[in-house]
Amino acid sequence: MSEICFARHAQASFGKENYDRLSSLGMRQAEILADYLVRIGLDFHAVYSGSMERQIATARKVLSAMGNQKVRPDLRIVPELNEYDSRLVIRSYVPDLIREDPAVSDAVAQMYTDRRSFQMVFERAVLRWISGRNDMEGVETWKAFKARVHKGVKMIMEENGRKKRILVFSSGGAISTVMQMALSLTDEETIRLSWQIQNTSLSVFKYSGKDFSLSSYNSLAHLELLGDAALLTYR
């Protein structure tokens, strides 16, 4: 059996013009993850990341802090592991949401300063998007998003073969579609799971041939051991 360990990127800059950049807390989260992986003695045969800034920055921060690893593999960039464009999804579907429920406009006005407002608008827009009944030109469909993530994961599996341990840095939506591969979840179950995946959490999958299964999900032991609730973030 081989093992793929998916790490969600560290905290990005919610509400900022460039969300894709790690926050100062995010950089600390990545360092804590690196220290934890070293302390439990995990070595990786290969390391991958999507091409988004927050994914690559997390990966590089972790790798730079793992200097005592026996063999430190180079970071390989796989764009198929990128997250869907949540801002584009929101912008595209908000007009329909407001037409159906004018009260949504109040939440939209404060969504980047009030997390509850953001979550309400975000959830409604994404659920509309994944339904597949409202696809829009220029917006990657949910079906296409899942297909590209699955393609990237299968490529990684084929490249590494048997008895390997692989570390992958990606995002919550992408990791949840890997959960769907392992557990045959519905689309709504899949996207709702993605909203529970916290920054730098680890989700581990095992594979052999065509067998692909979940070993652990959304582990935060590296952060929880420090006893600081501020380290546990979703955005």
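Helices (H or I, at least four residues) and strands (E, at least two) are DSSP runs, numbered from the N terminus. In this predicted model, leucine 88 belongs to helix H3. This report considers two helix pairs, one helix in detail, and three individual residues.

**Packing of H1 with H2**

Helix H1, formed by residues 24-39, packs with helix H2, formed by residues 53-64, at an angle of about 45°. The axes of H1 and H2 are 8 Å apart. That angle makes H1 oblique to H2, because angles between 35 and 65 degrees are neither roughly parallel nor roughly perpendicular. The crossing of these two helices, H1 and H2, is right-handed. On the H1 side, the residues in contact are Met27, Ala30, Glu31, Leu33, Ala34 and Leu37, and they meet Thr58, Lys61 and Val62 of H2. By class, the residues of this contact between H1 and H2 comprise six nonpolar, one polar and two charged.

**Packing of H6 with H7**

Helix H6 (residues 142-160) and helix H7 (residues 172-183) have axes that come within 9 Å and cross at roughly 75°. This makes H6 roughly perpendicular to H7. From H6, the contact draws on Trp142, Phe145, Lys146, Val149, His150, Val153 and Lys154; these meet Gly173, Ala174, Thr177, Val178, Gln180 and Met181 in H7. The contact of H6 with H7 has seven nonpolar, four polar and two charged residues.

**Helix H5 and its surroundings**

Helix H5 runs over residues 115-130 and holds 16 residues, which at 1.5 Å a residue should span 22 Å. The C-alpha atoms at its ends are 22 Å apart, so the expected span of H5 agrees with the model. Buried residues of H5 are Ser117, Phe118, Val121, Phe122, Ala125, Val126, Arg128, Trp129 and Ile130. The cover over these buried residues of H5 includes helix H3 (86-100), helix H4 (104-109), H6 and helix H8 (187-194). Just after H5, glycine 132 adopts a positive phi of about 80°.

**Three individual residues**

The table sets out the location and accessibility of three residues.

| Residue | Element | Relative accessibility | Class |
|---|---|---|---|
| Leucine 88 | helix H3 | 21% | partly exposed |
| Serine 194 | helix H8 | 8% | buried |
| Phenylalanine 205 | strand E5 (residues 202-208) | 0% | buried |

Leucine 88 counts as partly exposed because its relative accessibility is 21%, and buried means under 20%. Leaving aside residues up to four places away in sequence, leucine 88 touches Gly138 and Val139. The C-alpha atoms of leucine 88 and glycine 138 are separated by 9.2 Å, although the two residues are 50 residues apart along the chain.

Serine 194, in helix H8, has a relative accessibility of 8% and therefore counts as buried. Its contacts, residues up to four places away in sequence not being counted, are Gly172, Gly173 and Ser176. Gly173 also takes part in the contact of H7 with H6.

Phenylalanine 205, in strand E5, counts as buried at 0% relative accessibility. Between phenylalanine 205 and isoleucine 4 lie 5.2 Å in space, C-alpha to C-alpha, and the two are 201 residues apart in sequence. With residues up to four places away in sequence excluded, phenylalanine 205 touches Ser2, Glu3, Ile4, Phe6, Val178, Met179, Ala182, Phe212, Ser213, Leu214 and Ser215. One of these, Val178, is also among the H7 residues that meet H6.

Definitions and conventions
Residues numbered from 1 in each chain as written. Predicted model: local features only at pLDDT ≥ 70, side-chain atom pairs only at ≥ 80, totals over all residues. Heavy atoms only, no water. Axes fitted to C-alpha atoms, helices over the stretch in contact; angles between N-to-C directions. Parallel < 35°, antiparallel > 145°, perpendicular 65-115°, else oblique. Left-handed = near helix turned anticlockwise from the far one by under 90°. Contact = heavy atoms within 4.5 Å. Nonpolar A, V, L, I, M, F, W, Y, C, P; charged D, E, K, R; others polar. Expected span 1.5 Å × (residues − 1). Buried < 20%, exposed > 50% of the residue type's maximum accessible area, 1.4 Å probe, protein only.
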